[in-house]
Amino acid sequence: MVLPEPPLKGACLCGSVQVTVTASPLLTLACHCRDCQKLCASAYSLTTMVPSDAFSCTGELIKGGLGSSGRTHYFCRSCLNFVFSQIDGAGQRINLRTSVLNEAASLEPFVELMTDEKMPWASVPAIHSFTRYPESLEELQALMDAYAER
Ligand SMILES: [Zn+2]
Ligand SMILES: [Zn+2]
């Protein structure tokens, strides 16, 4: 897997929201949970996890999703494209939707989550697969270390 060099850039569907990532991604994920299926109107969500302090975004955002699960989901105000999420208690990381990045094609998922709820016909080339989520922050850190070493 050849990874794109930072800075990574991207935009929402209409181009009103522009994102820039000035560091290498921490991890790439596919999540098969039912919530992600609905939020992304797809079989699974694609996430590129990046350090918050290396992430910048211009344009008007609005919050979407349930707004109650400890996750805040941000969408472009104009085209309503899902751009990124922030998880309570994980302020140092941004879960950017891989699809908005220009480099999306080379950011294939390294980890897949929630295969318990996977569409039976959906498959991704992830190296690490979880029926639910990693058990602990240590396990998540080990995945990020493995991703950095690839
Ligand atoms: Zn837009
Ligand atoms: Zn999910």
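In what order do the elements of the protein chain run from the N terminus on? The order is β-β-β-α-β-β-β-β-β-β-β-β-α. The model is predicted, and the legends below go through it view by view.

**Figure 1. Overall view of the protein chain, with its 2 helices and 11 strands.** The C-alpha atoms fill a box of roughly 35 × 30 × 30 Å along the principal axes. The radius of gyration is 14 Å, which agrees with the value near 15 Å for a compact globule of 150 residues. Of the 150 residues, 32% count as buried. Where contacts join residues at least 6 apart in sequence, 54% of them link residues at least 24 apart.

**Figure 2. Close-up of the largest nonpolar core, a set of 33 residues.** The residues with the most contacts inside this core are Leu27, Leu29, Cys31, Val83 and Leu96. Strand E3 (residues 27-31) supplies the largest share of the core, 4 residues. In soluble globular proteins, nonpolar side chains tend to be buried together.

**Figure 3. Close-up of cysteine 31 and the residues it touches.** Cysteine 31 is one of the residues with the most contacts inside the largest nonpolar core. Leaving aside residues up to four places away in sequence, cysteine 31 touches Cys36, Tyr44, Ser45, Thr47, Leu113 and Met114.

**Figure 4. Close-up of lysine 9 in strand E1 (residues 8-11).** Is lysine 9 buried or partly exposed? Lysine 9 counts as partly exposed because it has 15 C-beta neighbours inside 10 Å, whereas a buried residue needs 20 or more and an exposed one has 12 or fewer. Residues up to four places away in sequence not being counted, lysine 9 touches Val19, Thr20 and Asn102. Valine 19 is 10 residues from lysine 9 along the chain, and their C-alpha atoms are separated by 5.6 Å.

**Figure 5. Close-up of the hairpin formed by strands E6 and E7.** Which way do strand E6 (residues 61-64) and strand E7 (residues 71-76) pair, and over how many bridges? The two strands pair in the antiparallel sense, over 4 bridges. Within this pair, lysine 63 stands opposite tyrosine 74 in E7. Between E6 and E7 there are 6 residues. Glycine 65, in the turn, has a positive phi of about 75 degrees.

Definitions and conventions
Residues numbered from 1 in each chain as written. Chains lettered and ligands numbered in written order. Predicted model: local features only at pLDDT ≥ 70, side-chain atom pairs only at ≥ 80, totals over all residues. Rg over C-alpha atoms; globule rule 2.2 N^0.38 Å. Contact = placed C-beta atoms within 7 Å. Core = buried A, V, L, I, M, F, W, Y, C linked by C-beta atoms within 7 Å. Pairing = 2+ DSSP bridges.
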